[in-house]
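Here's a quick tour for anyone meeting this structure for the first time. Have a look at the sequence and the model, then read on.

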Amino acid sequence: MIKNLYLLRHARSSEKASGQQDIERTLNSTGLQNATRMGINFTQKNYQFDIILCSPAIRALATASLIAEQIKYDTGRIHQNDEIYEASIRTLLRVVNQLKEEWNSVLIVGHNPSVTYLSEYLTKAEIGDMTTCGVTHIQFENLKWEEVSEATGNLVSYEHPDQLNF
């Protein structure tokens, strides 16, 4: 059985306003456009997810929701996971290791640097600094989620909005 993990960095957000908490930052106009475009890209590639998990940060939830709308995924089924916000690589790996076995295709919408670091840790690929709304697609063959660890995944793709031709 093949497991597909998609790690997506939230789309571009507005600068933090005076007195605003980081978790409250919203998407800016570029972020709104890029999240929608990435959702269209997912639709064109026929990506389907058993579950979408995201950080409770407003910018991450907005990114997940815009993508979900494009792929016809019920936004009410997006699961916010507090651990994803400000997660270390170890914490984000634990989130992956605790995924339900019946889920074969999972999208996690989170933050840098953890999404980049985890992508590199799982695949040993050099990604660098994942751009906003960038997504890695990682496959695991014949592994349970609890067995996912260093260098157990294959990087299928790394995509970001600047590569999209529409």
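Is R25 buried or exposed? With a relative accessible area of 17%, R25 is buried, because that value falls under the 20% cut-off. Keep in mind that this is a predicted model. Below, we start with R25 and its surroundings, then go through the salt bridges, the nonpolar core and one exposed loop residue.

**R25 and its surroundings**

- You'll find R25 in the loop between β1 and α1.
- Leaving out residues up to four places away in sequence, R25 touches S13, S14, E15, K16, Q20, I58 and R59.
- One of these, S13, also has a polar contact with R25, side chain to side chain, at 2.5 Å.
- R25 pairs up with D22 in a salt bridge, where the closest N and O atoms are 2.9 Å apart.
- While R25 is buried at 17%, its partner D22 is partly exposed, with a relative accessible area of 24%.
- There's a network here too: salt bridges link D22, R25 and R59.

**Other salt bridges**

- As a bit of background, side chains of opposite charge can pair when their charged atoms come close.
- Searching the whole structure turns up six salt bridges.
- One of them joins the side chains of R94 and E83, at 2.5 Å from N to O. This pair links distant parts of the chain, 11 residues apart: R94 sits in helix α3, and E83 in the loop between β3 (79–80) and α3.
- Both ends of that bridge have some exposure: R94 counts as partly exposed at 36% relative accessibility, and E83 is partly exposed with a relative accessible area of 29%.
- Another salt bridge is formed by E150 and K124, whose closest N and O atoms are 2.6 Å apart. E150 lies in the loop between β5 and β6 (154–159) and K124 in the loop between α4 and β5, so this pair ties together parts that are 26 residues apart in sequence.
- E150 counts as partly exposed, at 41% relative accessibility, and K124 is partly exposed as well, with a relative accessible area of 48%.

**The largest nonpolar core**

- The largest nonpolar core has 48 residues, and the members that touch the most other members are L5, F42, I52, V106, L107, I108 and W145.
- At least two core residues come from each of these strands and helices: β1 (2–9), α1 (29–44), β2 (51–54), α2 (58–71), α3 (89–97), β4 (105–110), α4 (114–123) and β5 (135–141).
- Which element gives the largest share of this core? That's α2, with six residues.
- To see one core member up close, try L107: setting aside residues up to four places away in sequence, L107 touches Y6, L8, F42, F49, I51, I52, L53 and I67.
- Two of the residues on that list, F42 and I52, are also among the core members with the most contacts to other members.

**An exposed loop residue**

- Where does E102 sit? Look in the loop between α3 and β4.
- E102 counts as exposed because its relative accessibility is 54%, over the 50% cut-off.
- Between E102 and I89, which are 13 residues apart along the chain, the C-alpha atoms are separated by 24 Å.

Definitions and conventions. Residues are numbered from 1 along each chain as its sequence is written. This is a predicted model: local features need pLDDT of at least 70, side-chain atom pairs count only at pLDDT 80 or more; totals for chains, interfaces and linings use all residues. Side-chain values use heavy atoms; hydrogens and water are left out. A nonpolar core is a set of buried Ala, Val, Leu, Ile, Met, Phe, Trp, Tyr and Cys residues joined through side-chain atoms within 4.5 Å. Buried means under 20% relative accessible area, exposed over 50%, partly exposed in between (1.4 Å probe, protein chains only). Helices (H or I, at least four residues) and strands (E, at least two) are DSSP runs, numbered from the N terminus. Contact means heavy atoms within 4.5 Å. A polar contact is a pair of N or O atoms within 3.5 Å; within protein, one must be able to donate a hydrogen and the other to accept it, and residues adjacent in sequence count only if both atoms are side-chain atoms. A salt bridge is a side-chain nitrogen of Lys or Arg within 4 Å of a carboxyl oxygen of Asp or Glu.
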